[in-house]
Amino acid sequence: MRRLRAVAWGAVGLVGCGVLAAVGAQEQHAVPEVRLHAGSAWVASNRAGHLTLLDGASKEVGVRVPVADPGSKLAVAQQNTTAYAVNRATGALRRVDGATREVSPTESPLPGAAVSLHSAGDSLLLFDGGQGVLSTADPKTLQARGERQVLTPAAAPDLTAVDGAGGLWVVDDATGDLVWFRDGERGSRANAGKPGATRIVATAGTIALLDLDRRTASVLNADGEVSQEIPVPVQPGDSVAVSGLPGEPGLLVSVSTRGQLLTCRFATGCAPPRMLGASELGPAVTTAGHTFVPDYGRGHVWVLRDGASDHLDRQVFDGQTRFELFERDGIVFYNDPESERAGVIGLDGEVHPISKYDPVDPAKGTVKVPAENQPKPPPDTPQPPNPNQPADPTRSPATASVSIGPGPPPQQDVLSIRQTPPNPVRVGAQVTLSLAGSAAATASWDFGDGSTGSGTTTAHAWSRAGTFSVNVRAVLASGRSATATATVVVQDVPAVIVRLQINPQVPLTGAQVSFSAEVTGSPQSWQWTISSGGTVVGSSTQAGFEHTFTLPGTYTVTARTTTNGVVDEQSQQIEVGVPARSVSCGDTITASVRLTSDLTCSDVALSVTSSNVFLDLGGHTVVNSSFSQDDVVVQGVSNVTITNGRLGLLNLNNTDGVTLHKVDGQVPNTTNARNTRINGGRLDAGWLPTEIRSSQVVFTNVELISTTSVACIDGSQCEFINSTVNIGGPTSSSLGCGGVGSVIRIEGGRASLEAVGCETLIIVNVEMMSGIHFGASKLEVHGSTLRFVAFRVAQMSIEGSTFEGVDSNHFQQLEGQRLSGTIKNSTFANRQHIGLHIMADLPTNALLIENNRFIGNGLNPGATGEMCGDPEGIGGLFVCAPAGSNITLSGNTMTNNGGHALFATPGAVKDGGGNRSGGQPCQPAICS
């Protein structure tokens, strides 16, 4: 069966901030569509067949209304204060009036299975995924309006919503086609996304697509065309859940496979991921600067505050539960439709459970509904009216009366205690206790903790945790006496770690360090760990403890508290240093030391000749004033760390495992320097080019700014991770490499380079601010944004990237080598002349150009010239290659380009199908 995902946006009455999509899960999860005023929400209780109104302000049940047989699978929608419920197995639809609580008779505007329900202004939309059929119903009479519409042969209605114009949007998983129905007309766009890998969500009144295969998100206009696109750091095959931001176009992407939350705004791109821990995560919701992420795998909710690095982990269910999480009027609700459990989560992470019904007697406390709701009414129950009998003109044709009162008085004295909120409650929380059953005149209470109270309704707050037996003795209106007992479970307020306390704040090796934490509440258990590089070096289960460090370096201290199953955790990184001593010019360093002053020397300042040395510069500067010698030499050693200061020129020779941490200065010259890591700091290449020979050097979170060249040569491997790399100047300058096996990898961060050349060049998730010439035998560009590039390359893999800016993007064969590889799922936009220009003098090997977008190129070309035989030389995609080349074009989209959408020399390209020109000329004519 073909699977089709549907979404809608801008609708009144939808739960949450946008449409939610769960990807990679075996079963899809539909969030109920709820909309009421003043922080109240309707939710479904499938086991009981109820709709339940939750009051978010009081954390209580407002009303319970039976709408279907127990065990029915219900979908809920809301218009203003009125609720609608559809039986997803049969299509039976009912209405609960928001003012009177009257329940309508059942209508079936779309009988069938797998029916989903959506509110759309003055209409209701019902979508039958089994048949791919859409029906519109009147929100008052519940009767069908107009003809049913077939959107697709078969569909899965797992995620749906409506747009601001009342239209339904659908992506077919089998074909990647986009279909929508709005204003009585059906629209479609073929190949809108990758089949099976495209998700659709609503955000801030617009529709957005997330393409896992292309690793992009795009905003659609009213005609289903892409108006804006950004890269998203996801991977094909990721298990994700997606929701839309409410106030601006953007996505919240919960990545279960890596335990991450991505916040991606179309105006600014994706922020760094928030790490939550691998589990089955659901679609996130956001309100008041906080984001809430459901963790189905553990029955928890993560609470994240915008702009903060910490987060809260709150338990709402005992173990794995696929529950609903949504926001209404700034209040976040959770609901398990398969049980009585629901509740509210505050911005501070406090969980307020609400019991929707009595699991022993689900019908207890519900309003009465019309007899027609009962599948088999007993003999003494009045039968539903004859449908052939004329209707009473004084009654609404779609409603029936409902009695909300308590019903006839009991035949015997029955007294019980009603508790709000239900168990468990927190220490210090106000609990309301009232009498139910036989009418009572007076009552006296014993709260089980030595306190007493009076009145038929009373309130009490317990000052300690425990299980308390509450007893009440009442004098009834009849004059008789009655008693009742209830058990109240009081739990400690979950502890919250305010901050960690470390003394001294700057620890040194060999000295004792004490650890404790300031907390609110009373934790039941503690767990401390001290780790470095993933290895635990110390731990404790006490509230406070002491530890002595034997090695300097960076350590992570983590405190974790547990209170009634609620966990809070906070971590802090610390730098452990070494004792200080005086060091002079020319000294040889053989043991760990911390400098006490700057060194300005006329010869080599310091030499490190022993392994396992930690050199703490202490914030000082070490330089050579003659400019003819190295400032610091590290030779023939391993496991050396230099940190916290500034160096002139560092020379590493025949070393293994040297680390520079937060050191400013020049990029080190290296020879046979294995496993070298440079973390943090601001570096330059000095006034002479820097050479990295036969070495492996990883730069992480480094700012490298230079007007001279940095060469990674003789088989060296140079990596720049999450760094800012800016190499360029008035003279020839480049980031380059040479020799067999030489590799440059740039991943994350930003780069601005005049030229890059290497045997293997890898660019991943990089914002390339500028660049002129790039050359590599093997080239990989994934998930990056590049401006103004010219590549000379033999073998390439380009995927999920954006090329934009002035001039053109050139991919030209290296001299004497044949082009091959793939260019797929990328965007080439707003180029002055040509979006993508392939140039080859030799017939190419297999080169696939697939599922790319060419938008707005060649619109302001200025001076133009002949290109590939085209006198204008402007357009979306140009291929200048000899006849007989093995170049295949497939699924590419050209939109609003000047000149030609596609222009290729005769015999150079093959038609792989699915290429679209947007009405602009293609040569050869292989576009639709």
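Me: In this predicted model, which residues touch the most other members of the largest nonpolar core?

Reply: The largest nonpolar core holds 84 residues. Strand S66 (residues 743-764) gives the most to this core, contributing eight residues. The residues that touch the most other members are Leu779 and Phe811.

Me: Which residues does Phe811 touch, not counting residues up to four places away in sequence?

Reply: Phe811 belongs to the largest nonpolar core. With residues up to four places away in sequence not counted, Phe811 touches Leu779, Phe791, Met796, Ile798, Phe803, Leu819, Phe828, Leu836, His837, Ile838 and Met839.

Me: Which side chain of opposite charge is nearest to Asp568?

Reply: Asp568 is found in strand S47 (residues 566-576) and is buried. A salt bridge requires the charged side-chain atoms to lie within 4 Å, whereas the nearest side chain of opposite charge is 4.3 Å away, and Asp568 has no salt bridge. That side chain belongs to Arg314.

Me: Which residue has its backbone nitrogen 2.7 Å from a polar atom of the Asp568 side chain?

Reply: Beyond its neighbours within four places in sequence, Asp568 is in contact with several residues, including Leu312, Ala495, Val496 and Ile497. The backbone nitrogen at 2.7 Å from a polar atom of the Asp568 side chain is that of Ile497.

Me: Is Thr785 buried or exposed?

Reply: Thr785 is found in strand S68 (residues 785-787). Leaving aside neighbours within four places in sequence, its contacts are Pro231, Val766, Glu767, Met768, Thr802 and Glu804. Because its relative accessible area is 14%, under the 20% cut-off, Thr785 is buried.

Conventions:
Residues are numbered from 1 along each chain as its sequence is written. This is a predicted model: local features need pLDDT of at least 70, side-chain atom pairs count only at pLDDT 80 or more; totals for chains, interfaces and linings use all residues. Side-chain values use heavy atoms; hydrogens and water are left out. Helices (H or I, at least four residues) and strands (E, at least two) are DSSP runs, numbered from the N terminus. Buried means under 20% relative accessible area, exposed over 50%, partly exposed in between (1.4 Å probe, protein chains only). Lys and Arg count as positive and Asp and Glu as negative; His and the chain ends are not counted. A polar contact is a pair of N or O atoms within 3.5 Å; within protein, one must be able to donate a hydrogen and the other to accept it, and residues adjacent in sequence count only if both atoms are side-chain atoms. Contact means heavy atoms within 4.5 Å. A nonpolar core is a set of buried Ala, Val, Leu, Ile, Met, Phe, Trp, Tyr and Cys residues joined through side-chain atoms within 4.5 Å.
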